[in-house]
Amino acid sequence: MTALPQPRDLTALVVRVDFSDDDAWAELQTLFGEDHATYIGDPAYDGATIADLIDIDDAADEDDKVYELFLADETSMTDDEHPLLAVDLADEPGRSFRVLPAAFAEVASNLSIANMDFADFAEAVDETGTYRGQSA
């Protein structure tokens with residue numbers, strides 16, 4: 001792979017890295033919705049780590065770089081709250097936090113228009129490392 005897929009305009013890239021449960025993947029997409037996400041379910045990413053994805057993005061041409069992405073990993077698929085793992089690829093590559101379905105639109109929208117930085121959300125997580133939204 002020479003570059004990560006580009007998300008649709010004003011959406012966040014959600015990459016499936018756990019392929020153990022197709023029903024959980026379908027449920028996750030329903031929970032997070034279509035309005036703020038571009039879902040990538042390519043088996044080439046099965047088992048990919050944050051380091052792998054950073055390397056792929058580092059090797060991409062400048063115009064093909066992705067600033068952040070959200071991973072649908074084992075925790076996303078099995079945890080009752082289905083939190084995605086948000087990963088910074090630009091300012092602090094590898095920095096991450098979890099985000100719940102109820103807070104995803106807030107995070108995805110603000111990042112896509114550069115209204116807020118990744119760090120703004122990463123610094124507002126709870127004791128579990130999960131961003132639950134501004135009102136939480």
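1. Burial. In this predicted model, 43% of the 136 residues of the protein chain count as buried. The chain exposes about 6,900 Å², and carbon and sulfur atoms supply 44% of that area.

2. Overall dimensions. The radius of gyration is 14 Å, close to the 14 Å that the globule rule gives for 136 residues, so the chain is as compact as a globular protein of that length. Along the principal axes, the C-alpha atoms fill a box of roughly 40 × 35 × 25 Å. Among contacts with a separation of 6 or more, 61% come from residues 24 or more positions apart.

3. Secondary structure. The protein chain has 5 helices and 6 strands. Read along the sequence, these elements follow the pattern β-α-β-α-β-α-β-β-α-α-β.

4. Main core. The largest nonpolar core has 25 residues, of which F70, L84, F97, V99 and F104 touch the most other members. Elements giving two or more residues to this core are the strands β1 (12-16), β2 (37-40), β3, β4 (84-88) and β5, together with the helices α1 (22-32), α4 and α5 (118-122). The most comes from α4, with 5 residues.

5. L84 within that core. Leaving aside neighbours within four places in sequence, L84 is in contact with V14, L28, F32, F70, L71, A72, S76, F97, R98, V99 and F104. Four of the residues named in point 4 therefore need no separate introduction here: F70, F97, V99 and F104 are on the list of those that touch the most other core members.

6. Second core. A separate core of 16 residues is also present, and its members include V15, A48, I56 and V66.

7. Aromatic pairs: F70 and F104. The structure holds 6 aromatic pairs. In one of them, the ring centres of F70 and F104 are 5.1 Å apart and the planes stand at 80°, so the pair is edge-to-face. F70 belongs to strand β3 (residues 68-72) and F104 to helix α4 (residues 101-112), so the pair ties together parts that are 34 residues apart in sequence. F70 is buried, with a relative accessible area of 1%. F104 also counts as buried, at 1% relative accessibility.

8. Aromatic pairs: F97 and Y131. These two rings form an edge-to-face pair, with 6.5 Å centre to centre and 70° between the planes. Because F97 lies in strand β5 (residues 96-99) and Y131 in strand β6 (residues 130-131), this pair ties together parts that are 34 residues apart in sequence. F97 is buried at a relative accessible area of 2%, and Y131 is buried at 3%. Ring pairs also link F97 and Y131 with F118 and F121 into a cluster.

9. Charge over a ring. R16 places its charged end over the ring of F19, 4.3 Å from the ring centre.

10. The loop at P93. P93 is found in the loop between β4 and β5. Is P93 buried, exposed or partly exposed? Its relative accessibility is 44%, and since the partly exposed class lies between 20% and 50%, P93 counts as partly exposed. Apart from neighbours within four places in sequence, P93 is in contact with I54 and D88. P93 and E68 are 25 residues apart in sequence, and their C-alpha atoms are 8.7 Å apart in space.

Key: Residues are numbered from 1 along each chain as its sequence is written. This is a predicted model: local features need pLDDT of at least 70, side-chain atom pairs count only at pLDDT 80 or more; totals for chains, interfaces and linings use all residues. Side-chain values use heavy atoms; hydrogens and water are left out. Rings of Phe, Tyr and Trp (its six-membered ring) pair if their centres lie within 6.5 Å; planes under 30 degrees apart count as stacked, over 60 as edge-to-face and the rest as tilted. Helices (H or I, at least four residues) and strands (E, at least two) are DSSP runs, numbered from the N terminus. Buried means under 20% relative accessible area, exposed over 50%, partly exposed in between (1.4 Å probe, protein chains only). A charge sits over a ring if NZ of Lys or CZ of Arg is within 6 Å of the ring centre and within 35 degrees of the ring normal. A nonpolar core is a set of buried Ala, Val, Leu, Ile, Met, Phe, Trp, Tyr and Cys residues joined through side-chain atoms within 4.5 Å. Contact means heavy atoms within 4.5 Å. The radius of gyration is taken over C-alpha atoms; the globule rule is 2.2 Å times the number of residues to the power 0.38. Accessible areas come from the Shrake-Rupley method with a 1.4 Å probe; for residues, only the protein chains shown count as cover.
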